[in-house]
Amino acid sequence: MTAVVIIDDSPEDRELLTERIVQAGVHDCVAFQNADAAIDHLNTKSADVIFLDYSLENEVALARIPQLRSYAPGAKLVLITGYDILGLPDLVKRFDVGFMSKHLSQQGAYDAIQSILADAT
């Protein structure tokens, strides 16, 4: 069974992404408002995929990647954002993480999530 962790400071985005992941067939999906709460969870639970919001309130999400990897070394990390950020594709490559836009249609999000989950297993 695939275990998914979502880290996003927006309650609406957390709820929407959780719904879409559950619709894709994942039932072990937990969402957190910040990286510290997710790391507390990862202290005792494993994750196969971690969706990390690029723009967390009061945090630099990219700076948390090494720490998340230390707690979930085998997990696929996926950066998510609703912003068009110049140079983001290069950052994604440099940090060896996946990427998913928050501005996908329902079908587009479903397809992207299915692809991410397939790569993680």
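Which residues does L68 touch, not counting residues up to four places away in sequence? Hello everyone, let's start there. The answer is I7, I39, L42, L52 and L77. Please keep in mind throughout that this is a predicted model.

That little neighbourhood leads us to the largest nonpolar core, which has 22 residues. L68 is among the members that touch the most other members, along with V5, I7, L42, I50, L52 and L79. So where does this core draw its residues from? Two or more residues come from each of these elements: β1 (3–7), α2 (35–42), β3 (49–53), α3 (61–71), β4 (76–81) and α4 (88–94). Helix α3 gives the largest share, with 4 residues. There is also another core, lying apart from that one, and it has 15 residues. I21, C29, V49 and V78 are among them.

Let's stay with α3 for a moment, and look at R64, which sits in that helix. Is R64 buried or exposed? It is an arginine, and R64 is buried, because its relative accessible area is 14%, under the 20% cut-off. Its side chain makes a polar contact with the side chain of Q67, at 3.0 Å. Leaving out residues up to four places away in sequence, R64 touches A35, D36, I39 and E59. If you remember I39 from the opening, L68 touches I39 as well.

Now to the helix pair I wanted to show you. In general, two packed helices are described by the angle between their axes and the distance between the axes. Here, helix α1 (residues 11–23) packs with helix α5 (residues 106–120) at an angle of about 65°, and the axes are 9 Å apart. The crossing of α1 past α5 is right-handed. Which residues make the contact? From α1 we have L17, R20, I21 and Q23, and from α5 we have Q106, A109, Y110 and I113. Sorted by class, this contact has 5 nonpolar, 2 polar and 1 charged residues. You may recognise I21, as it also belongs to the core of 15 residues.

While we are on α5, have a look at Q107, which is found in that helix. Q107 is partly exposed, with a relative accessible area of 49%. A polar contact of 2.8 Å joins its side chain to that of D111. Along the chain, Q107 and R20 are 87 residues apart, yet their C-alpha atoms are separated by 9.6 Å.

Next comes F99, in strand β5 (residues 98–101). How exposed is F99? F99 is partly exposed, with a relative accessible area of 40%. Not counting residues up to four places away in sequence, F99 touches V78, L79, T81, L88 and V92. One of those, L79, we met in the largest core, and another, V78, we met in the core of 15 residues. From F99 to Q114 is 15 residues along the chain, and their C-alpha atoms are separated by 13 Å.

Finally, a quick visit to two loops. T44 is in the loop between α2 and β3. T44 is exposed, with a relative accessible area of 65%. Its C-alpha atom is 32 Å from that of Y83, and the two residues are 39 residues apart in sequence.

The other loop runs between β3 and α3, and N58 is the residue to click on there. N58 is exposed too, with a relative accessible area of 75%. What is the phi of N58 near? It is near 60°, a positive value in a residue other than glycine. As background, most residues other than glycine have a negative phi. That is my tour, and I'm happy to rotate the model for anyone who would like another look.

Terms used
Residues numbered from 1 in each chain as written. Predicted model: local features only at pLDDT ≥ 70, side-chain atom pairs only at ≥ 80, totals over all residues. Heavy atoms only, no water. Axes fitted to C-alpha atoms, helices over the stretch in contact; angles between N-to-C directions. Left-handed = near helix turned anticlockwise from the far one by under 90°. Contact = heavy atoms within 4.5 Å. Nonpolar A, V, L, I, M, F, W, Y, C, P; charged D, E, K, R; others polar. Buried < 20%, exposed > 50% of the residue type's maximum accessible area, 1.4 Å probe, protein only. Core = buried A, V, L, I, M, F, W, Y, C linked by side-chain atoms within 4.5 Å. Polar contact = N/O pair within 3.5 Å; in protein donor to acceptor, adjacent residues only side chain to side chain.
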